[in-house]
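This report looks at aromatic side chains and the contacts their rings make. The sequence and structure come first.

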Amino acid sequence: ESDTASEVSFRLNRHKKTPSTGSHSSDMASVSSVSGSVLSVYSGDFGSVDAQGTVEFALDYDEKNREFQVHVSQCKDLAVVDEKKGRSDPYVKTYLLPDKARMGKRKTSVKKRTVNPIYNEVLRYKIEKMVLLIQKLNLSVWHNDPLGRNSFLGEIEIDLASWDWSNRKLNWYPLKPRSLSAVNGVDHRGVMSLSIKYVPPGSLGPKNPPSGEVHIWVKDVKDLLQLRPCGVDSFVKCYVLPDTSKKSYQKTRVIKRDTNPVFNHTIVYDGFHTEDLKDACVELTVWDHEKLTNHFLGGIRLGLGTGLSYGISVDWMDSTQEEVAFWQEMMLAANEWIEGLLPLRSL
């Protein structure tokens, strides 16, 4: 099912600097005009492969360097994602739970065209042992898709408090279907699956596109707070801050009576200069729709989290470590879809 949204115009207003007393010139930042169009919506479920196979890894804690190490060796008999070509392009991703945002994700390289990938890579976390022992390790395997439509292939979750740290050997573990604790945020507001992409001006050919574009593809949200017995009627709002005008505002359709809504809605804002990316912030919020008032369920803010926008101190430039890493990855990989699974939080 697809949504088609009409074109909108969007302006990113830079903050005006107030000139100091006695200044002869009106020291004012130029206003950057960003006209945005909301483009087509992608459809389809890209995560519907049944988990199967095993993963071989070992855990160790380096006391000297205060470093937690996950030695990812290999996987066997993974699910095939592309049935026609009989292929999967798998990689392994790890999180420390429950506070995914604080420590961030680690991931291996992608191995092409194999259901038996060999990695022999070590994923490292700088963390105190006492803190580590109240965490769980979530290790998941994913098929990498160049369009950002990555498919979940299975996972394993380990309670590190009860782990035998004298065991440093590689062991095989069966991959399991998605668990709820892996996708819950710190305060259990749910998790949003999305992809973002930055297309620099002229990167697709002469004057194509004429200005930079930020593509935001909201795929789905899992495990939303259920405020009523019949479920939740949810939708997602999007602003590109600092602009909070109606021209910046976009939203998805409402998905009724579902705590795991699938939106598959893509928004494109054009008119971005590359330097705007360090001062702008994409705010995505999820709301429960009711006739009289909408209830806030949770949100994310994608930006550099510096606390500053165009030199002005702002409270909304407060991205978590994980949100910052996601935005930075987009800035460094022009024209590539960057996929993420981000916990919703109270903003």
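## Aromatic rings and their contacts

In this predicted model, Lys219 lies over the face of Trp217, at 4.6 Å from the ring centre. A similar arrangement involves Lys129, whose charged end sits over the ring of Trp165, 5.1 Å from the ring's centre.

Rings also pair with one another: a search of the whole structure finds seven aromatic pairs. A pair of aromatic rings is described by the distance of the centres and the angle of the planes. Two of the pairs are set out below.

| Pair | Type | Centre to centre | Angle between planes |
|---|---|---|---|
| Phe57 and Tyr173 | stacked | 4.5 Å | 25 degrees |
| Trp217 and Trp337 | edge-to-face | 5.4 Å | 70 degrees |

The partners in the stacked pair of Phe57 and Tyr173 come from two strands. Phe57 belongs to strand E1 (residues 54-62) and Tyr173 to strand E8 (residues 171-174), so their pairing ties together parts that are 116 residues apart in sequence. Phe57 is buried, with a relative accessible area of 1%. Tyr173 is also buried, with a relative accessible area of 15%.

Trp217 and Trp337 form the edge-to-face pair. Trp217 lies in strand E10 (residues 212-222), while Trp337 is in the loop between helix H4 (321-332) and strand E18 (338-343); the pair therefore ties together parts that are 120 residues apart in sequence. Both Trp217 and Trp337 are buried.

Trp165, the ring under the charged end of Lys129, is also part of a cluster: ring pairs link Trp165 with Phe68 and Tyr125.

Note on methods. Residues are numbered from 1 along each chain as its sequence is written. This is a predicted model: local features need pLDDT of at least 70, side-chain atom pairs count only at pLDDT 80 or more; totals for chains, interfaces and linings use all residues. Side-chain values use heavy atoms; hydrogens and water are left out. Rings of Phe, Tyr and Trp (its six-membered ring) pair if their centres lie within 6.5 Å; planes under 30 degrees apart count as stacked, over 60 as edge-to-face and the rest as tilted. Helices (H or I, at least four residues) and strands (E, at least two) are DSSP runs, numbered from the N terminus. Buried means under 20% relative accessible area, exposed over 50%, partly exposed in between (1.4 Å probe, protein chains only). A charge sits over a ring if NZ of Lys or CZ of Arg is within 6 Å of the ring centre and within 35 degrees of the ring normal.
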